[in-house]
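Hi,

Here is the structure I promised to pass on. Have a look, and my notes follow below.

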Amino acid sequence: MIATDQPICFPDNVLVRVSSRGDGTLLDRINGERHAPEVVARRRAFCAKAGVDYDTCAYMIITYDTGRTYDVIREVTEPNTEGYLADVLYTTTPGIGLFLPVADCIGTVIYDPVQLSLTLAHVGRHASEADTLAKTISYLAEKGSNPEDLIIWMAPAVTQDHYRMDYFAQKEDLLWRGFFTEKDDGVYIDLQGYNRSRAIASGVLPAHIYTSEVDTAVDPHYFSHSQGDTSGRFAVVAMLRP
């Protein structure tokens, strides 16, 4: 966990921390065991360092199975370290740590200082294509949030300079105009820029959106799937302090 990479945009009643490669991989996608003892031990160590009890966490499970829509929002009222299959976790319960392993995708934290709600979203290419962040803001509005009150932080993630796709089905979608570049070797996608634009279109104030400057594709302190880290994952944990 690197001190200078932690968010400073949230008030004291909100705890948000991001791990780094030095904390070890907090998910091993290769061995087929999501909660291998040595991995859980590293999660516990990271959470303890962050000021969270891992046993009070709600773990987000991300899969890429056939039929997934990548826009599943789940309200969390109790911990579950075995995991919730979801793309977004939402809570108003203090003391529950929302826990998400990532490597290149954007771990996105949304805090409502009026409704005192906390949301953690997994925003990768699939979720971006599903417009999950805009759907999440709409969900929060249904829960009583005013989008203008929301504070959003986007964790370290891959940037457009290094996020190359062989193909991109949204090239004709007007919402994506300006957020991808076609080059000889493929299409380069701006996940941060696109999702920031969708948040603003949903009513979030531009000044309330904060994006980490860390590019996981080039920063050696973070795992990057696009650069060959097929198994390793760092993590974001977010909690309303009790």
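A quick term before the notes: I call a residue buried when its relative accessible area is under 20%, and exposed when that is over 50%. Also, keep in mind that this is a predicted model.

Let's start with helix H1, which runs over residues 37-50. From first C-alpha to last, its 14 residues reach 20 Å, close to the 20 Å expected. Which residues of H1 are buried? They are Val39, Val40, Arg43, Phe46, Cys47 and Ala50. These sit on the same side of H1, because they cover an arc of only 120 degrees around the axis. In general, an α-helix has 3.6 residues a turn, so residues three or four places apart point the same way. The cover over the buried residues of H1 includes strands S1 (14-18), S2 (57-61), S6 (97-102) and S14 (234-240). Pro37, Ala48 and Lys49 are exposed, on the face turned away from the buried side. Right after H1 comes Gly51, with a positive phi near 95 degrees.

Now the pockets, probably more your thing. The largest has a volume of about 440 Å³. It is lined by 25 residues, and the closest to its centre are Tyr64, Ala103, Cys105, His225 and Arg233. By class, that lining has 14 nonpolar, 5 polar and 6 charged residues. S2 turns up again here: it gives the largest share of the lining, 3 residues.

The second largest pocket has a volume of about 160 Å³. Its lining includes Trp153, Tyr210 and Glu213, and splits into 6 nonpolar, 4 polar and 2 charged residues.

Cheers

Notes
Residues are numbered from 1 along each chain as its sequence is written. This is a predicted model: local features need pLDDT of at least 70, side-chain atom pairs count only at pLDDT 80 or more; totals for chains, interfaces and linings use all residues. Side-chain values use heavy atoms; hydrogens and water are left out. Helices (H or I, at least four residues) and strands (E, at least two) are DSSP runs, numbered from the N terminus. The expected span of a helix is 1.5 Å times one less than its number of residues. Buried means under 20% relative accessible area, exposed over 50%, partly exposed in between (1.4 Å probe, protein chains only). The arc is that of the directions from the helix axis to the C-beta atoms. Contact means heavy atoms within 4.5 Å. On a 1 Å grid over the protein atoms alone, a cavity is a set of points where a 1.4 Å probe fits but cannot get out, and a pocket is an open set with protein on both sides within 12 Å along at least five of seven lines; lining residues have an atom within 4 Å of a point. Grid points are joined across faces, edges and corners, and a volume is the space filled by probe spheres set on the points. Ala, Val, Leu, Ile, Met, Phe, Trp, Tyr, Cys and Pro count as nonpolar, Asp, Glu, Lys and Arg as charged, and the others, Gly among them, as polar.
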